[in-house]
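Here are my notes on the model, point by point. Please read them with the structure open.

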Amino acid sequence: MNTSNKASKDIRAMQNGDKNRRTLIQIVVAVVLIALVAAIALFIVNRNSTSGEATPAASSSPGQQLTPTSLTDTGAIRFGNPDATTVISVVEDFQCPACKNFESISGSTLQQVADAGNVAVDYRPISILDRFSNGTMYSTRAASASICVAENDRDSWMDWHNAMFAEQPAENGTGLTDDKLVEIATSAGADSPATASCITDGSYTDWVTSQTQSVIGEGINGTPSVRVNGTDVSNPTPENILAAAAAAGN
């Protein structure tokens, strides 16, 4: 009888031990799962903070998000004949060194053909290089500032545009501050209070995000991108741009 009782106790002890081990295993699994979920969430946050996709500039007190009213149906800032049948479209990112080089070579040609009056030149600023400004979303902020100038100080836009490339920050830095963007605008003649507040408020960051995705949806994945009536100019030198415009009828 004593032997039987002892065996029963041993069995119960073993069962209790198994139950405790199962409980311990369940606790360990739960802790691992929680840690895994936290790690995944941290990875997503870090990835998004440096993504090249357009992301609104971070702001502790963002201003009212606006939709521009002075642009073309494709979101372009147009110069030259608004009714021209030949349209040169230029997609740029203000953080893009190749865009700076393009403007130094071909920018004056674009201004000349726009001033001639039989061709329209469309500038479409986008933001695909935010990842090169250490989380400050410089590409997005600069593109938003371009719309601020276009909406409030249109006559000064080209001077501002050229000054922005002259002041282009190095990649993998922190980009230019909003105050510096206002300073560049003021120096270029875009000195209205509306422009300054628009830049510091990031008023068009959401619009820039949407515009960037629209441009990418058109098959444009790099900057600078130059098209004449929708046809790519693969090597947009002044000669090639003029030849493409002539072939289009001008």
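1. Is R141 buried or exposed? The model is predicted, and in it R141 is buried, with a relative accessible area of 11%. The cut-off for buried is under 20%, so R141 qualifies at 11%.

2. What does R141 pair with? The partner is D178, in a salt bridge whose closest N and O atoms are 2.7 Å apart. R141 belongs to helix α3 and D178 to helix α5 (residues 178-187), so the bridge ties together parts that lie 37 residues apart in sequence. D178 is partly exposed, at 23% relative accessible area. A buried arginine thus meets a partly exposed aspartate.

3. The salt bridges in the structure number five. Another of them joins the side chains of R78 and D122, at 2.7 Å from N to O. This pair also links distant parts of the chain: R78 sits in strand β1 (residues 77-80), D122 in strand β3 (residues 120-125), and 44 residues separate them. Here the acid is the buried partner: D122 has 4% relative accessibility. R78 is partly exposed, with a relative accessible area of 21%. Buried ends at 20%, so R78 at 21% falls on the partly exposed side.

4. Strand β3 also carries R124. That arginine forms a salt bridge with E218, with 3.0 Å between the closest N and O atoms. E218 lies in the loop between α7 (205-217) and β4 (225-228), and the two residues are 94 apart along the chain. R124 is buried, at 6% relative accessible area. E218 is partly exposed, at 35%.

5. Now the nonpolar interior. How many residues make up the largest nonpolar core? It has 50, and the members touching the most others are I88, L110, Y123, W157, W160 and M164. Helix α3 (residues 138-152) is the top contributor, giving eight residues. In soluble globular proteins, nonpolar side chains tend to be buried together.

6. W157 deserves a separate look. What does W157 contact, leaving aside its neighbours within four places in sequence? The list is I77, F79, Y123, P125, S146, V149 and A150. Y123 is itself among the core members that touch the most others. I77 and F79 fall within strand β1 (residues 77-80), while Y123 and P125 fall within strand β3 (residues 120-125). S146, V149 and A150 come from helix α3 (residues 138-152). W157 is thus in contact with residues of two strands and of helix α3.

Key. Residues numbered from 1 in each chain as written. Predicted model: local features only at pLDDT ≥ 70, side-chain atom pairs only at ≥ 80, totals over all residues. Heavy atoms only, no water. Core = buried A, V, L, I, M, F, W, Y, C linked by side-chain atoms within 4.5 Å. Buried < 20%, exposed > 50% of the residue type's maximum accessible area, 1.4 Å probe, protein only. Helix = DSSP H or I, 4+ residues; strand = E, 2+ residues; numbered from the N terminus. Contact = heavy atoms within 4.5 Å. Salt bridge = Lys/Arg side-chain N within 4 Å of Asp/Glu carboxyl O.
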